[in-house]
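Me: Please take me through one part of this model in some detail: the empty spaces and what surrounds them. I would be glad if you then carried on into the packing and the strands.

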Amino acid sequence: AVRQAQSRRVERLRSQSSSLAQHCTATPVKLRREFLEMQLEFAQEEGDCSSCETCQPLVQEAVLKPADCSGSWRRALAVGTALALAVVGVGGAASLKSGALTEASETQGTGDWTRLDAEGSPYQTYAYATWSDPIKNGSCGQIRIQPKTGSTPKLQEATISCTEADGFKTYSFPAGIFEIDEQMLVPRKAQIIGANNPNDMSNPTQSPDWTQQTLFLATRGLHHFEMKYCYASNMVHTRVGFVLDSYVTMRDLSYQGIDTIRPNDNGALCGGAAFETKGCATNDCSTDVNNGGSDGNGSVYVTIENVRLNDYYFAEDQAKIGAHVPGNTKCHHHSYKCCFCKANGVRSTQVGIWIPESRNNDTGTRHFFVNNVVSRSTQADGVNLHGKILNATVQNTYFANTGDDTFALWGASSDPTAVTFKNCVAVNPGIMRPHFYGVCVATYGLKEVVFDGMTCRSTTSAKAIVPEWGGGDTFYRTSMFVFYTS
């Protein structure tokens with residue numbers, strides 16, 4: 001009976017796909033969403049893509065240039081919130097495959113790809129060098145940038161406007177997707193301002209209209225447990241994200257990472273955030289490597305405001321959050337055979353916001369301000385302030401679905417002072433490694449801190465994992481507050 005029902009469903013989809021194919025062939029630029037959804041659904045029913053040939057000319061004409069059809073995993077077309085098509089080059093002709101993109105190498109990019117808006121037109125996407133080189137070089141004025149995707153009328157030259165006053169350069173970005181493939185050091189006294197505030201703090205889980213937003217999208221990610229991360233020789237090409245020099249502001253923008261695992265090398269946490277201040281690559285400054293190619297000295301007067309993290313892919317990856325991965329919880333304290341050594345598949349950054357320990361630990365990082373930030377997921381901590389800190393405020397934030405602590409002050413013996421967390425919400429701490437460890441609020445050494453108006457929400461112990469070493473033990477190491485004074 002099941003097979004008969006599936007057979008009837010396939011025939012219905014075949015008929016509907018054929019009808020829609022005729023309509024779409026007449027207007028290929030539109031790439032009607034319902035047509036692509038049916039083609040994908042049909043391919044999934046059949047188990048292959050042999051019946052998707054009618055899609056090929058549509059994809060080529062509306063999205064791809066002929067030269068783009070060679071190579072592998074050239075472009076992913078997001079359809080709806082949970083469906084995706086990946087275009088694969090086969091002998092110079094494009095064919096369609098269903099399923100999520102995966103990476104073979106440790107930090108290899110996802111390739112050349114785009115996403116469709118509600119009208120079936122590609123979002124404007126800009127290559128990393130196009131927008132980052134002028135900022136690194138200190139250029140100011142009307143910076144014209146060319147999009148890298150598509151040929152529809154919507155994909156036109158855009159302008160980053162730069163104004164300069166009192167030594168500060170303000171770069172005002174248009175809406176669009178701006179790729180980033182390294183850990184970029186934002187120069188001193190630079191302000192990067194996006195098109196619109198992506199957050200409604202009265203409804204923080206509501207995703208914005210991405211066509212109206214400035215989104216920085218990582219094109220490289222971390223997918224292998226044994227990758228050298230904290231002890232790599234060069235952080236610029238190991239990590240992806242922003243390192244903020246002194247007097248830097250990041251406002252009205254979004255960031256999406258594509259790490260799908262927390263590496264073993266980052267188990268004690270050394271960074272990998274969307275936004276970091278300057279400091280050491282390791283958490284104890286035991287090597288001479290600094291983040292983002294910086295001098296490693298703490299930043300001063302840094303502002304991060306109206307920012308949204310790891311929400312662009314959230315709807316597609318949400319079902320994987322807290323999901324059991326077979327063979328991933330062999331976490332016996334006598335023999336860690338595979339303690340979350342397999343990727344969870346949730347595309348995120350390692351951390352949301354990170355202050356590392358700095359070389360000038362006598363003065364450290366000072367005057368740090370975070371306001372109105374939403375994060376949907378991180379592989380490790382949400383916000384972690386580490387080392388010597390003076391006068392830091394984190395307020396009006398919503399951080400969910402972490403792999404470790406949500407809000408942490410990690411001063412160790414550096415005596416952080418005048419630190420305030422106010423009106424912050426933590427949801428599902430530790431869920432990315434299901435309750436292996438993660439608390440809403442934690443301190444690991446401090447001199448002075450205030451937590452005011454904190455909200456903590458977490459699933460019950462019924463969601464806790466039962467490690468795969470047997471014996472009936474259950475891990476549910478989740479609390480609202482954990483305080484270590486040193």
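Reply: Happy to, and let's begin with an open space. In this predicted model, the second largest pocket has a lining made up of 13 nonpolar, three polar and seven charged residues. That lining counts 23 residues, and R262, G267, A268, D404 and R433 are the ones nearest the centre of the pocket. The volume comes to about 430 Å³. If you want one element to look at, pick strand β17 (residues 335-339), which gives the most to this lining, with four residues.

Now for the enclosed spaces. Rolling a probe the size of a water molecule over the atoms shows where empty space is left. Two cavities of 30 Å³ or more turn up in the structure. The largest cavity holds about 140 Å³ of space. It is lined by 17 residues, with N328, F340, N344, M432 and R433 closest to its centre. You have met R433 already: this residue is also among those nearest the centre of the second largest pocket. By type, the lining of the largest cavity has seven nonpolar, six polar and four charged residues.

The second largest cavity contains about 110 Å³. Here too 17 residues form the lining, and R220, Y229, R239, V240 and D259 sit nearest the centre. Its lining splits into six nonpolar, eight polar and three charged residues.

From the spaces we can move to the packed parts. In soluble globular proteins, nonpolar side chains tend to be buried together. The largest nonpolar core in this model gathers 61 residues, and W131, F242, F275, I304 and L385 have the most contacts inside it. A separate second core has 10 residues, including A273, V351, W354 and A442.

Two residues let you see the packing in detail. I304 touches, among others, L244, M250, F275, I353, F368 and V373, leaving aside residues up to four places away in sequence. L309 belongs to strand β15 (residues 300-309). L309 counts as buried because its relative accessibility is 0%. Under the same exclusion of residues up to four places away, the contacts of L309 include Y255, A274, F275, V373, V374 and F399. F275 and V373 therefore appear among the contacts of both I304 and L309, with contact meaning heavy atoms within 4.5 Å. L309 also has its C-alpha atom 8.1 Å from that of G257, although the two are 52 residues apart along the chain.

W131, from the list for the largest core, leads us to helix α4 (residues 128-136), where W131 is buried along with Y128, S132, P134 and I135. Just past this helix, G138 has a positive phi of about 80 degrees.

Last come the strands. β6 (residues 158-165) and β7 (residues 168-172) run antiparallel and are joined by five bridges. T163 has T170 in β7 as its bridge partner. The two strands make a hairpin with two residues between them, and D166 in the turn shows a positive phi of about 55 degrees. β7 is also joined to strand β10 (residues 190-193), this time in parallel, by four bridges. There, S172 is placed opposite I193 in β10.

Notes
Residues are numbered from 1 along each chain as its sequence is written. This is a predicted model: local features need pLDDT of at least 70, side-chain atom pairs count only at pLDDT 80 or more; totals for chains, interfaces and linings use all residues. Side-chain values use heavy atoms; hydrogens and water are left out. On a 1 Å grid over the protein atoms alone, a cavity is a set of points where a 1.4 Å probe fits but cannot get out, and a pocket is an open set with protein on both sides within 12 Å along at least five of seven lines; lining residues have an atom within 4 Å of a point. Grid points are joined across faces, edges and corners, and a volume is the space filled by probe spheres set on the points. Ala, Val, Leu, Ile, Met, Phe, Trp, Tyr, Cys and Pro count as nonpolar, Asp, Glu, Lys and Arg as charged, and the others, Gly among them, as polar. Buried means under 20% relative accessible area, exposed over 50%, partly exposed in between (1.4 Å probe, protein chains only). Two strands pair if DSSP finds at least two bridges between them. A nonpolar core is a set of buried Ala, Val, Leu, Ile, Met, Phe, Trp, Tyr and Cys residues joined through side-chain atoms within 4.5 Å.
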